[in-house]
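User: I would like to go through this model with you, starting with the ligand. Could you show me the structure?
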Amino acid sequence: MKIASIVGARPQFIKAAALSRELRKWHKEVLVHTGQHYDYAMSGAFFDGLEIPPPEVNLGVGSGSHGVQTGFMLKAIEEVLVSQKPDRVVVYGDTNSTLAGALAAAKLLIPVVHVEAGLRSFNRRMPEEINRVVADHLSELLLCPSSTAVANLASEGIVRDVHLVGDVMLDVLNWARQRMDGEPARLLNELDLKARRYLVATLHRSENTDDWGRLNNILRALNALDETVVFPIHPRTRKAITGANCQVAPHIQLVEPLGYFDMVALAGSARLILTDSGGLQKEAYWLGVPCITLRDETEWVETVKAGWNILAGADRERIVQTVRSFAPPNARPALYGDGSVSARCVELLG
Ligand code: UD1
């Protein structure tokens, strides 16, 4: 079978790393990069580090408003699909690239496969929520990371060809950890850090970066901490901090966005992680590092139920108090699959 996989943003490169490897054992894959992320640190570094085959097509969309970015991708993906004639189109997660890929394929009557289907925050102010709701309703094969996701789809009337498979990001993490002997020590030395004696923070959601009040509260919380905080900074966030002229205290080390291996090394040796990323909430859990989520809701509710993730929103006091008092339980039950999720996905593709 010929499969077109659509990727465009950092978390999608990570997911595709696992699935492409497995997919190419059985099928012909055409990897389409929309170009939504284009800086080397946000894109090329992941292809190189994770040994992802170079994309057959790069649409070079770049940044823009949601309409401009999605509209450009819709037109360009349609052209690729018309010329390539794939039997299926695989889309990942909830970015504008996901939405454009699903819409272009569905209109051409090419079956859409959604990896990471069924997640909901129930917050339509998030662009990602809109993207995933539409992608799910356009998909013919829905591969879900959790039973919560399966139930979410059922409550919207989507029950056909819905499968609980787990999370492909766990496959990638396991693959990377096998290759990482000695890596944490190298990175920690470079950044002059001691294992479990620092925190990691990441922030990039528009709800936090585009809302000056929330951004300011989060930065004031980080400034009020008395531990080293390593903060790999997304370009969107850097622009927001610079634009708003925010103060960042000296114990916060702003570093460029990290490649996958470095991020796993940094996160895995942290005492605690503060983030608004979806992927990092799960990685924190799998790595056994407590996570404070800088959002008011999460799609990964199982990590909260297990006691390893606490939602602190953008509430300065709550963030500071949680950093100081967070004591996760000893138990950390397996979540989101067994690390052979990609093989299961490819099996279901037929
Ligand atoms: C996108 C996804 C988000 C995902 C995130 C992963 C959407 C709506 N959002 O958010 O779900 O969690 O990717 O990182 O699709 N920029 C650069 N260089 C780049 C890419 C972006 O400088 O290589 C800057 C630009 O100023 C751009 C801004 O970041 O305007 C936002 O980029 P965009 O692709 O719109 O969304 P993300 O915030 O990265």
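Analyst: The discussion below covers the ligand, the domains and the backbone, and it concerns a predicted model.

User: Which residues come nearest to the ligand?
Analyst: There are 20 residues around the ligand, and the nearest are His-37, Asn-96, Glu-128, Arg-236 and Lys-239.

User: How do the residues of that shell divide by character?
Analyst: The shell holds 5 nonpolar, 9 polar and 6 charged residues.

User: What lies 2.9 Å from an oxygen atom of the ligand on the Asp-39 side?
Analyst: The atom in question is a backbone N or O atom of Asp-39. Asn-96 also approaches through its backbone, with a polar atom 2.8 Å from a ligand oxygen. In His-234, by contrast, the side chain supplies the N or O atom, which is 2.9 Å from an oxygen atom of the ligand.

User: How much of the ligand does the protein bury?
Analyst: The protein buries 90% of the 740 Å² that the ligand exposes when taken alone.

User: Which elements give two or more residues to the shell?
Analyst: Those elements are helix H1 (10-26), helix H3 (66-84) and helix H11 (235-243). H11 provides the largest share, with 3 residues.

User: Turning to the domains, how is the protein divided?
Analyst: It is divided into domain 1, residues 2-164, and domain 2, residues 178-325. Their C-alpha centres are 26 Å apart. In the contact, domain 1 takes part with 22 residues and domain 2 with 19 residues.

User: Where does the ligand lie with respect to domain 1 and domain 2?
Analyst: The ligand lies between them, because both domain 1 and domain 2 give residues to the shell around it.

User: And what area is buried between domain 1 and domain 2?
Analyst: The buried area is about 1,500 Å², and carbon and sulfur atoms give 58% of it. The size of an interface is often expressed in this way, as the accessible area lost when the parts come together.

User: One more topic, the backbone. What is phi of Glu-51?
Analyst: Phi of Glu-51 is near 55 degrees, a positive value in a residue other than glycine. Most residues other than glycine have a negative phi. Glu-51 is located in the loop between helix H2 (44-49) and strand S3 (57-58).

User: Where is Arg-196 placed, and what is its phi?
Analyst: Arg-196 is in the loop between helix H8 (183-190) and strand S8 (198-202). Phi of Arg-196 is positive, near 65 degrees.

Note on methods:
Residues are numbered from 1 along each chain as its sequence is written. This is a predicted model: local features need pLDDT of at least 70, side-chain atom pairs count only at pLDDT 80 or more; totals for chains, interfaces and linings use all residues. Side-chain values use heavy atoms; hydrogens and water are left out. A residue is near a molecule or strand if one of its heavy atoms lies within 4 Å of it. A polar contact is a pair of N or O atoms within 3.5 Å; within protein, one must be able to donate a hydrogen and the other to accept it, and residues adjacent in sequence count only if both atoms are side-chain atoms. Accessible areas come from the Shrake-Rupley method with a 1.4 Å probe; for residues, only the protein chains shown count as cover. Helices (H or I, at least four residues) and strands (E, at least two) are DSSP runs, numbered from the N terminus. Ala, Val, Leu, Ile, Met, Phe, Trp, Tyr, Cys and Pro count as nonpolar, Asp, Glu, Lys and Arg as charged, and the others, Gly among them, as polar. Domain bounds come from an automatic or database domain assignment. Contact means heavy atoms within 4.5 Å. Buried area is the accessible area (1.4 Å probe) that two parts lose on being put together, summed over both.
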